[in-house]
Amino acid sequence: MNFTFNKKDKLKSKKHIDALFAKGKSVSAYPLRLVYMATTFDDDVLFKTGISVSKRHFKRAIDRNRVKRLMREAFRLHKVEYSNNISTPHAFMILYIGTEKPSLTLIETKMKRLFEKFEKNEANS
RNA sequence: CAAGUAAAUCGCCUUAUCGCUUUCCGUUUUUUCGGAAGGAGGAAAGUCUGAACACCGUAGUGCAACAUAGUGGUUAAUGGCCACCAGCCGUGAGGUUAGGAAUAGUGCAACAGAAAGUAUGUACAGGUAAUGCUGUAGUGAAACCAGGUAAACUCUAUGUGGUGCAAUGCCAUGUAUACCAACGUUUGAAGGCUGCACGCUUGAUUGUUGGAGGGUAGGCAGCUAAAGUGUAUUGGUAACAAUGCACUAAGAUAAAUGAUAAGGGCUUUUUCUUUUUAAGAAAGAGUACAGAAUUCGGCUUAUAGAUUUACUUACUUA
């Protein structure tokens with residue numbers, strides 16, 4: 001078991017992020033939205049994940065930080081379950097598209113749905 | 001006691017579990033792993049100002065634009081701060097100011113009033129050849145060679161170059177390639193047609209290698225020891241200054257400093273018990289504003305609640 005979520009697991013490269021938003025596919029489970037793309041990384045990590053909250057929905061930095069931290073927690077604690085079903089390297093970006101401040105349990109359940117959808121899409125294609 | 005005034009301070013805590021990040025040490029070829037130490041604020045916010053720092057610009061002068069506006073002081077600097085004077089507000093402690101100039105000019109003036117300047121009406125009185133020609137009354141803060149207004153233009157005095165750490169400097173994978181060198185060259189390098197071969201075709205303005213330039217992804221510096229913090233003494237009404245002693249305090253970059261659970265503080269509401277004030281118990285609710293991004297000095301705005309110090313109190317009530 002491994003609950004870590006450090007620099008290597010984060011999607012940080014500008015190149016990857018630009019490519020992701022340009023070509024990536026997406027699934028959503030309100031208030032979350034997952035943009036994903038199969039790709040390769042220089043260091044051998046299976047997948048890298050970025051988390052983003054729009055400035056449009058949360059004007060104050062303190063609120064954005066709070067939502068991002070909750071999302072990071074939700075992802076970190078269930079990372080292992082998700083990674084079991086992923087075989088090829090992927091880049092992920094999880095966006096928060098709601099406008100209300102969420103609770104941790106809401107995000108956890110929604111994120112589970114999000115990845116279920118993602119797996120179904122991958123199996124079909 | 002109550003109601004106020006002015007300053008200043010604090011602004012949740014503990015434990016457990018799972019994490020993030022920086023530095024150092026050990027380990028390891030690196031990655032990894034282990035250990036230790038550090039890790040948001042009074043406003044980190046607004047980006048309104050003054051500087052440091054960097055780059056660009058820069059003979060001099062004038063105009064324009066913008067800013068400031070009592071006097072003195074303080075400071076690296078300021079439009080900040082302090083003291084005093086003056087006006088206004090308050091019983092008072094105190095608060096507040098948009099405090100230069102109204103015979104340089106232009107404009108504006110609610111209500112009232114005939115009229116607020118190219119005006120002269122009404123009533124009465126006086127006067128004239130005649131006429132608002134003169135006086136009084138009436139409106140108003142102000143009614144003629146007058147005043148008010150510069151939070152209207154304006155004038156005066158003083159001051160001001162621009163852009164910002166996404167500044168700027170350095171390293172540099174890949175891609176394309178100016179340039180240089182070597183090698184290959186009509187005995188044909190290399191490319192195109194093709195699955196391959198033959199063949200056909202283009203053909204040195206090119207191919208390969210190396211250098212070199214350029215500087216995208218990315219990285220490093222800038223980047224945290226400073227007009228620093230605490231404290232004591234001295235000078236000064238004060239802002240502030242000088243000196244001594246002690247201390248070292250985030251450095252991320254799709255952006256760390258957290259999440260969850262339990263318990264405890266604090267505030268408050270309701271109910272119950274004892275009761276002179278008050279105290280105790282139970283249940284519920286609340287626990288703010290807000291997140292560093294080159295660094296400092298200020299200003300402005302947001303802020304549940306708590307604490308301390310100094311001072312004031314007219315009328316009214318006792």
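This passage walks through a predicted model of a protein chain with an RNA strand, from the nonpolar core out to the RNA surface. Residues are numbered from 1 along each chain as its sequence is written, while chains are lettered from A and ligands numbered from 1 in the order in which they are written. Because the model is predicted, local features need pLDDT of at least 70 and side-chain atom pairs count only at pLDDT 80 or more, whereas totals for chains, interfaces and linings use all residues.

The largest nonpolar core is a natural place to start. Such a core is a set of buried Ala, Val, Leu, Ile, Met, Phe, Trp, Tyr and Cys residues joined through C-beta atoms within 7 Å. Here, "buried" means that 20 or more other C-beta atoms lie within 10 Å of a residue's own, "exposed" means 12 or fewer, and "partly exposed" is in between, with C-beta atoms placed from the backbone. The core has 23 residues, of which Leu34, Met71, Ile94 and Met111 touch the most other members. Strand 2 (32-38), strand 3, helix 2, strand 4 (90-96) and helix 4 (104-124) each give two or more residues to this core; helices (H or I, at least four residues) and strands (E, at least two) are DSSP runs, numbered from the N terminus. Leaving aside residues up to four places away in sequence, Met71 touches Ile51, Ile94, Tyr96 and Ile107, contact being C-beta atoms, placed from the backbone, within 7 Å.

Next come the helices. Helix 4 has 21 residues and reaches 31 Å from its first C-alpha to its last, close to the 30 Å expected at 1.5 Å a residue (the expected span is 1.5 Å times one less than the number of residues). Its buried residues are Ile107, Met111, Leu114, Phe115 and Phe118. Seen down the axis, these fall within an arc of 95 degrees, so they line one face of helix 4; the arc is that of the directions from the helix axis to the C-beta atoms. They pack against strand 1 (25-29), strand 2, helix 2 and helix 3 (79-83). The face turned away from the buried side carries exposed Thr105, Thr109, Lys120, Ala123 and Asn124.

Helix 2 can be read in a similar way. Its 17 residues should span 24 Å at 1.5 Å a residue, and its end C-alpha atoms are 24 Å apart, which agrees. Val67, Leu70, Met71, Ala74 and Phe75 are the buried residues of helix 2. They cover an arc of only 135 degrees around the axis, which puts them on the same side of helix 2. That buried set packs against strand 3, helix 3, strand 4 and helix 4, while exposed Ala61, Ile62, Asn65 and Arg69 sit on the face turned away from it.

Helix 2 also features at the RNA. Around RNA strand B there are 27 residues, and Phe3, Thr4, Asn6, Lys14 and Ile62 come nearest; a residue is near the strand if its C-beta atom, placed from the backbone, lies within 6 Å of it. Helix 1 (14-23), strand 3 (47-53) and helix 2 (61-77) each supply at least two residues of this surface, with helix 2 giving the most, 9 residues. By type, the surface divides into 9 nonpolar, 6 polar and 12 charged residues. Nonpolar covers Ala, Val, Leu, Ile, Met, Phe, Trp, Tyr, Cys and Pro, charged covers Asp, Glu, Lys and Arg, and the others, Gly among them, count as polar.

One backbone detail remains. A cis peptide bond, with omega about 10 degrees, joins Tyr30 and Pro31, and Pro31 lies in the loop between strand 1 and strand 2.

How values were computed
Contact = placed C-beta atoms within 7 Å.
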